[in-house]
Amino acid sequence: MRQAVKLRFAAPIAVFALLFGFLAYRLFLVQQGFTPDLIPSVLINKQAPQFALSPLFANEPGFRTTDLKGKVTVVNFFASWCVPCREEHNYLSKIAKVPGIEVVGIAYKDRPQDASMWLAELGDPYKTVAVDPEGKTGIDFGVYGVPESYLIDKRGIIRFKQTGPLTPDVIDQRLIPLANRLNRS
Amino acid sequence: MIAEIGLFALILALFVAAVQSSVPLIGAARGDSAWMSVDRPAALALFGLVGLSFGALMWLHVTSDFSVLNVVENSAVSKPMLYKVAGVWGNHEGSMMLWTFILVLYGLAVSLFGRALPPGLRARALAVQGMIAFAFILFILLTSNPFTRVNPAPPDGNGLNPVLQDPGLSFHPPFLYLGYVGFSMAFSFAIAALIEGRVDAAWARWVRPWTLVAWCALTLGVAMGMWWSYYTLGWGGYWAWDPVENASLMPWLAGTALLHSAIVAEKRDTLKSWTIFLAIITFSLSLLGTFLVRSGILTSVHSFANDPRRGLFILILLATFTGGSLTLYAVRAPALKGGTIFSPISREGGLLINNILLSTAAGTVLLGTLYPLFADALGLGKVSVGPPYYNLVIAPLAIALFLVMAIGSLMSWKRGNLKGALRKLRAAAAAAAVTFILTLVIAGLSARSLWASLGLGLAVWLLAGTLVEWAGRVGLFQRPLAETLRKALRVPRSAYGMTISHLGLAIVLIGIIGSTAWRTEYLDVMRPGDTASIAGYEVKFIRVDDGVQGPNYVATRGLFTVAKDDRLVAELHPERRTFTAPEQTLSNVAIHSSVGGDIYAVLSDPSEGGYIVRIYHNPVVPWLFLGAILMVLGGGVSLTDRRHRIGAPLRGLGVSLRPRPVATPGAAVPAE
Amino acid sequence: MRRLTFAAGLAGCLALASPAFAVRPDERLADPKLEARAHAIGQELRCLVCQNESIEDSDAGLAHDLRILVRQRLVAGDGDAQVKQYIVARYGTYVLLKPPLTAETYALWFGPLVILLVAIALASIVYRRRARPANDVKPLSAVERRRLKALLDQPRAEEA
């Protein structure tokens with residue numbers, strides 16, 4: 001019985017030790033960039049949603065779900081009003097240069113003239129650019145901000161999502177290796 | 001120059017805090033009264049230095065000294081003076097300075113009013129206060145220095161977020177901090193008692209007033225936050241179970257439990273280790289709240305600085321104080337002598353149930369707040385916990401609490417008469433049942449009205465039950481009126497405090513139920529001349545005035561008249577204010593309050609030749625805030641009870657509360 | 001450190017929060033019953049931009065889009081649960097303000113009860129332990145028993 005008594009007094013510090021360890025771990029995660037407002041995609045390893053979007057430039061065909069088949073694609077949601085999109089824009093051409101990866105841009109809730117002026121100013125790394133003026137396709141993809149990018153394999157299955165701008169680290173260490181793996185299979 | 005003085009004073013304060021943390025503590029261990037008596041002058045000096053530093057920061061803000069980074073980031077020339085002052089604590093660095101200033105203010109209070117405290121207890125308690133002060137000053141100096149200069153000094157600053165430029169919000173943080181930091185006093189006294197190895201009625205007598213002050217301040221602070229949310233954010237809501245709001249609720253719940261537990265410890269010399277534990281937990285929850293808000297591990301609209309480096313420092317602070325105190329508790333609490341026994345059906349029993357329910361509520365809020373992080377880390381998926389969860393889970397605890405409150409206050413110490421109490425409460429039960437049925441009949445049968453009726457019935461139960469208790473005390477309707485009046489004057493103030501605060505809580509519940517269950521909304525585009533019908537009122541849009549000039553904004557002001565039964569009741573002037581520094585447009589809500597509820601009007605975007613207008617009727621919402629004020633008033637009345645006067649010896653009993661110093665082996669017994 | 005600066009960041013949420021446009025008149029459905037359902041569903045859905053508000057209360061663009069989507073699905077004939085499922089299929093259970101009762105959330109939903117039971121258990125253990133000193137009492141001797149009986153048999157004084 002003496003043991004149970006001691007346990008009662010020692011329990012709080014034990015619980016606190018667990019709590020402390022856990023909070024320290026969460027803090028470490030935040031430092032790594034895993035902020036609490038990041039929501040993981042529920043579409044990983046699932047078929048990309050059905051969509052059929054009009055092109056931004058008149059001389060191009062539109063972009064639809066069937067276009068994803070047969071190649072590895074990076075679908076990048078961007079907007080001219082989005083400041084972080086400027087940061088990642090330079091890195092997109094790097095991805096586009098990798099053989100076997102196509103980079104497609106979707107102008108999310110943007111006016112076509114604004115989007116095309118933005119691309120004229122910053123350069124156009126995309127194979128084709130489509131427009132999603134009301135964000136409907138964005139919702140189907142689970143987009144909740146821009147920029148967001150999806151890596152989709154040859155069968156149209158989403159394999160990776162980047163919430164926020166693509167950084168060189170993520171591109172070199174995760175995106176491109178995964179894309180190469182998907183190409184080989 | 002002023003900034004450097006402020007910084008230097010703070011550095012000096014660090015050294016004084018180091019002295020205050022160590023010398024009196026060693027002195028108390030050795031029984032050396034010379035060393036122990038360093039505590040009061042140290043606390044005085046600490047207050048002087050931190051006060052100087054805080055004053056310097058305030059001076060810099062008030063004079064708009066843009067050579068200091070903190071002023072540049074948060075102030076602007078055009079900012080009204082009230083917000084120049086309040087803006088001192090409207091940012092992370094300044095708010096930490098306020099925290100520390102209030103901490104040393106409490107230390108000063110102990111120093112001035114605690115002359116009659118047993119020297120060993122006071123020395124140890126002030127030493128612990130010193131340690132907390134040391135930790136926070138170090139935190140400010142290392143991670144959150146408000147005195148850093150910027151070169152070259154810009155001509156104007158960034159200004160304060162217009163949402164924060166509000167009189168109610170300006171005073172919300174000071175009251176909150178008076179609460180959070182106030183609980184550090186109970187904490188320090190608890191640690192001192194654990195070190196000393198003794199918790200007696202005298203200790204509880206010292207702790208209770210400090211806890212009351214902290215509790216009153218925190219209640220007021222939380223209520224002000226709710227009030228500000230209500231009239232600023234534009235949809236008439238006042239509580240969203242946001243992590244930062246929860247961070248203030250948790251210490252409040254634990255603090256309420258502590259308050260009640262201290263009563264038992266003082267009067268009946270029992271529940272002592274509960275009281276010590278609650279004192280540790282309440283302050284730890286304050287610290288935890290500070291951590292959650294400033295570390296960036298939780299998303300919140302309210303959060304200040306999301307800097308993991310600062311978060312790490314606070315976490316270490318938390319580990320030191322909470323971990324240290326809980327370890328001390330684990331080691332020393334078992335040795336505390338057990339208290340007197342009591343029947344489970346008794347006032348002590350009721351207060352114990354109160355403890356259990358409030359602690360469970362605090363634990364539940366903590367669980368809900370941290371669970372998303374748990375689940376995420378353990379790979380259980382990304383779960384979100386929102387208001388529906390909290391409302392569902394807290395409801396049964398609140399119901400149990402309200403039920404027990406009315407019964408418990410009728411119980412006598414040691415062994416209570418449950419049947420007798422329930423018999424006395426028959427009237428209250430009847431009133432509650434009538435309320436329940438009437439509400440259901442008037443509101444119609446639905447899930448929502450069922451909950452609302454239950455809630456109102458519960459509130460009336462507590463209201464009537466509290467009045468029954470007071471009536472019993474004064475013999476209302478049982479004795480001649482003159483005798484009742486005489487008795488009423490002799491009822492101790494702490495009993496009146498209880499009565500007033502419990503009534504306040506019942507009224508708060510009525511306000512919450514009314515405003516959530518039966519709120520109505522009118523939303524449409526209105527042009528001048530249009531009339532809206534809501535809750536029996538006619539609200540007519542008269543006109544709009546553009547270009548109304550404010551101190552740092554330009555406003556479009558609307559004019560609405562509110563009429564009921566063709567009689568003019570009020571004029572409302574909702575505005576849309578466009579600020580320049582920083583660029584932002586805000587709507588200013590116009591509210592007409594009455595006992596029955598509020599008419600609440602918001603002027604939104606222009607549209608289709610008119611404006612989008614949102615009008616709410618929030619029934620009985622003023623009761624919520626009035627009830628909160630009543631709760632604080634009750635606490636204040638309790639504080640004025642003569643028995644709580646700190647330092648008042650029990651002259652009547654011929655007993656001095658200064659125990660003889662205990663002779664520790666090897667130490668010289670100090671001459672008194 | 002990778003900084004996620006979305007175009008409508010958290011700071012933006014505080015700024016957006018005040019004018020509280022939230023539901024706009026043109027979003028509302030004509031049928032009041034459907035609109036009431038839409039409102040109730042919306043209050044249970046978290047805005048993912050201003051993450052501490054429901055989509056009914058948030059001014060973010062995404063909240064507006066989702067409000068319209070909820071209403072469109074209702075008009076198309078979906079039940080309440082179906083509408084929520086539609087959104088969960090795209091954004092995950094995080095979008096629900098009321099956590100679902102699944103194996104992952106047992107600890108969350110039953111936690112409070114567990115905490116309560118633990119507190120009650122602790123309190124009763126302590127209480128029972130304190131009442132034990134009665135065991136030290138020795139039984140009465142024969143002499144004492146006779147004295148006790150004599151005392152108890154005395155005629156009682158009148159009840160006060």
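These are legends for several close-up views of a predicted model.

**View 1. The disulfide in chain A links Cys82(A) and Cys85(A).** Here the two sulfurs sit 2.2 Å from each other. Count disulfides over all chains and you get one. Look along the S-S bond and the torsion comes to about 90°, so this disulfide of Cys82(A) and Cys85(A) is right-handed. How accessible are the two partners? Cys82(A) has a relative accessible area of 1%, which makes it buried. Cys85(A) is buried too, with 1% relative accessibility.

**View 2. Cys47(C) and Cys50(C) don't make a bond.** Why is there no bond at Cys47(C)? The closest cysteine sulfur belongs to Cys50(C), and at 4.8 Å from the sulfur of Cys47(C) it is too far away. The cut-off for calling a pair of cysteine sulfur atoms a disulfide is 2.5 Å. Cys47(C) counts as buried, its relative accessibility being 1%.

**View 3. Cys216(B) is a buried cysteine of chain B.** Its relative accessible area is 9%, and since buried means under 20%, Cys216(B) falls on the buried side.

**View 4. Met411(B) sits in a loop between two helices of chain B.** On one side of the loop is α14 (387–408), and on the other is α15 (418–424). Is Met411(B) buried or exposed? Despite the loop setting, Met411(B) counts as buried, at 6% relative accessibility. What does Met411(B) touch, leaving out residues up to four places away in sequence? One group of contacts is Ile345(B), Ser346(B) and Arg347(B). The other group is Gly416(B), Asn417(B) and Leu418(B). For a sense of distance, pick Ala335(B): 76 residues separate it from Met411(B) in sequence, and the two C-alpha atoms are 30 Å apart in space.

**View 5. Chain B mixes 20 helices with ten strands.** Chain B has a radius of gyration of 27 Å, close to the 26 Å the globule rule gives for 672 residues, so chain B is as compact as a globular protein of that length. If you're setting up a box around its C-alpha atoms, they fill roughly 90 × 75 × 60 Å along the principal axes. Of the 672 residues in chain B, 59% are buried. Take the contacts in chain B with a separation of 6 or more, and 72% of them join residues 24 or more positions apart.

**View 6. The surface of chain B comes with its charges.** About 26,100 Å² of chain B is exposed, and carbon and sulfur atoms supply 66% of that area. As for charge, chain B carries 50 positive and 35 negative side chains. The centres of those two sets are 17 Å apart.

**View 7. Chain C has six helices and zero strands.** Follow the sequence of chain C and the pattern reads α-α-α-α-α-α. How many of the 160 residues of chain C are buried? The share is 41%, and Cys47(C) from View 2 is one of the buried residues. Among contacts in chain C with a separation of 6 or more, 52% come from residues 24 or more positions apart. The accessible surface of chain C adds up to about 9,100 Å², and 59% of it belongs to carbon and sulfur atoms.

Key: Residues numbered from 1 in each chain as written. Chains lettered and ligands numbered in written order. Predicted model: local features only at pLDDT ≥ 70, side-chain atom pairs only at ≥ 80, totals over all residues. Heavy atoms only, no water. Buried < 20%, exposed > 50% of the residue type's maximum accessible area, 1.4 Å probe, protein only. Helix = DSSP H or I, 4+ residues; strand = E, 2+ residues; numbered from the N terminus. Rg over C-alpha atoms; globule rule 2.2 N^0.38 Å. Contact = heavy atoms within 4.5 Å. Areas by Shrake-Rupley, 256 points an atom, 1.4 Å probe, with all protein chains shown as cover. Lys, Arg positive; Asp, Glu negative; His and termini not counted. Charge placed at Lys NZ, Arg CZ, Asp CG, Glu CD.
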